[in-house]
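The exercises below concern how helices pack in one protein chain, and each is followed by a solution worked step by step. Please study the sequence and the structure before turning to the solutions.

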Amino acid sequence: MELTVKQTVSWITRWADYINQHVNELNELDTAIGDGDHGTNLNRGTQAVKQALFEEKPKTIQMTYRTTAMSLVSTIGGASGALLGTAFLTMARLTKEGETKLEVLLSEATKSMKKRGHSDVGMKTLIDLWEPASKALSQHRLTYYKVEEYVENTKKMKAAKGRSSYLRERSIGHIDPVAKSSSYLFVALLEELDQKY
């Protein structure tokens, strides 16, 4: 599937709005196994993205992804900013090279994040949302319920990356906050594709 520039901007803006609406929830999830500020940090980043897209009015999908990446990297500290920035920079590069299929862009973005973060499925990170969601999208099987299922699956995992990994077994039973915040990106995408619940 392919999105226009207008749809791409709308999709990312929807994501920013979702993050803004769920700052406290994301902070609470992060308090259980992290620093407790994921919602605040990501909201700062996504609001900067929204502002940049409004001001720059990108004319191409490649520039839309690049603007998104640079805004995230420059406003979010820690692993989240670096990984999400890597994802959108990968999508920008591939789009510039002529790749237009969204399912391919998301799949390659996931691979880039896995490489950058030395992480994989099962480590209780955003990869546990991005990889299955991207795969389901490529098979035209992604639904709101599946997105929620992927988030819930992180509860039973033991963290192997980031601050939450210090908790070891105590990290089990908690949703990964970055998988949750990433889920809003895919929910926003389904909405943009006009998929009904």
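**Exercise 1.** Determine the handedness with which α4 and α5 cross, and describe how the two helices are oriented and which residues join them.

*Solution.* The crossing of α4 and α5 is left-handed, and, like everything that follows, this is read from a predicted model. The next step is geometric: helix α4 spans residues 61–75 and helix α5 residues 78–96, and their axes lie 8 Å apart at an angle of about 165°. Angles over 145 degrees count as roughly antiparallel, and α4 and α5 are therefore roughly antiparallel to each other. On the α4 side, the contact is formed by I61, Q62, Y65, R66, T68, A69, M70, L72 and V73, while α5 contributes G81, L84, G85, F88, L89, M91, A92, T95 and K96. Sorted by character, the residues of this contact of α4 with α5 comprise 11 nonpolar, five polar and two charged.

**Exercise 2.** Work out whether Y65 and T95 are buried or exposed, and list what each of them touches.

*Solution.* Begin with Y65, which belongs to helix α4 and has a relative accessible area of 1%. Because buried means under 20% relative accessible area, Y65 is classed as buried. Leaving aside residues up to four places away in sequence, Y65 touches T8, W11, I12, F88, M91, A92, T95, L102 and L105.

Turn next to T95, which is found in helix α5 and, with a relative accessible area of 16%, is buried as well. With the same exclusion of residues up to four places away in sequence, T95 touches I61, Q62, Y65 and L105. Two C-alpha distances complete this step: Y65 and T95 are 8.8 Å apart in space and 30 residues apart in sequence, whereas T95 and Q62 are 5.4 Å apart in space and 33 residues apart in sequence.

The remaining step follows Y65 to its contact T8, a residue of helix α1. T8 is buried, with a relative accessible area of 0%, and beyond residues up to four places away in sequence it touches L3, I61, T64 and Y65.

**Exercise 3.** Describe how α1 and α3 meet, giving the axis geometry and the residues of the contact.

*Solution.* Helix α1 covers residues 5–21 and helix α3 residues 38–56, and their axes come within 9 Å and cross at roughly 145°. The crossing in which α1 passes α3 is left-handed. From α1 the contact draws on V9, I12, T13, W15, A16, D17, I19 and N20, and from α3 on G39, L42, N43, T46, Q47, V49, K50 and L53. Classified by side-chain character, the residues of the contact of α1 with α3 are eight nonpolar, six polar and two charged.

**Exercise 4.** Establish where the buried residues of α2 lie around its axis, and which helices they pack against.

*Solution.* First collect the buried residues of helix α2 (residues 23–33), which are V23, L26, N27, L29, D30 and I33. These cover an arc of only 160° around the axis, and they therefore lie on the same side of α2. As general background, an α-helix has 3.6 residues a turn, so residues three or four places apart point the same way. On the other side of α2, the residues N24, E28 and T31 are exposed. Finally, the buried residues of α2 pack against α1, α3 and α9 (177–192).

Notes. Residues are numbered from 1 along each chain as its sequence is written. This is a predicted model: local features need pLDDT of at least 70, side-chain atom pairs count only at pLDDT 80 or more; totals for chains, interfaces and linings use all residues. Side-chain values use heavy atoms; hydrogens and water are left out. Axes are lines fitted to C-alpha atoms, for helices over the stretch in contact, and angles run from 0 to 180 degrees between N-to-C directions. Helices (H or I, at least four residues) and strands (E, at least two) are DSSP runs, numbered from the N terminus. A crossing is left-handed if the near helix is turned anticlockwise from the far one by less than a right angle, and right-handed if clockwise. Contact means heavy atoms within 4.5 Å. Ala, Val, Leu, Ile, Met, Phe, Trp, Tyr, Cys and Pro count as nonpolar, Asp, Glu, Lys and Arg as charged, and the others, Gly among them, as polar. Angles under 35 degrees count as roughly parallel, over 145 as roughly antiparallel, 65 to 115 as roughly perpendicular and the rest as oblique. Buried means under 20% relative accessible area, exposed over 50%, partly exposed in between (1.4 Å probe, protein chains only). The arc is that of the directions from the helix axis to the C-beta atoms.
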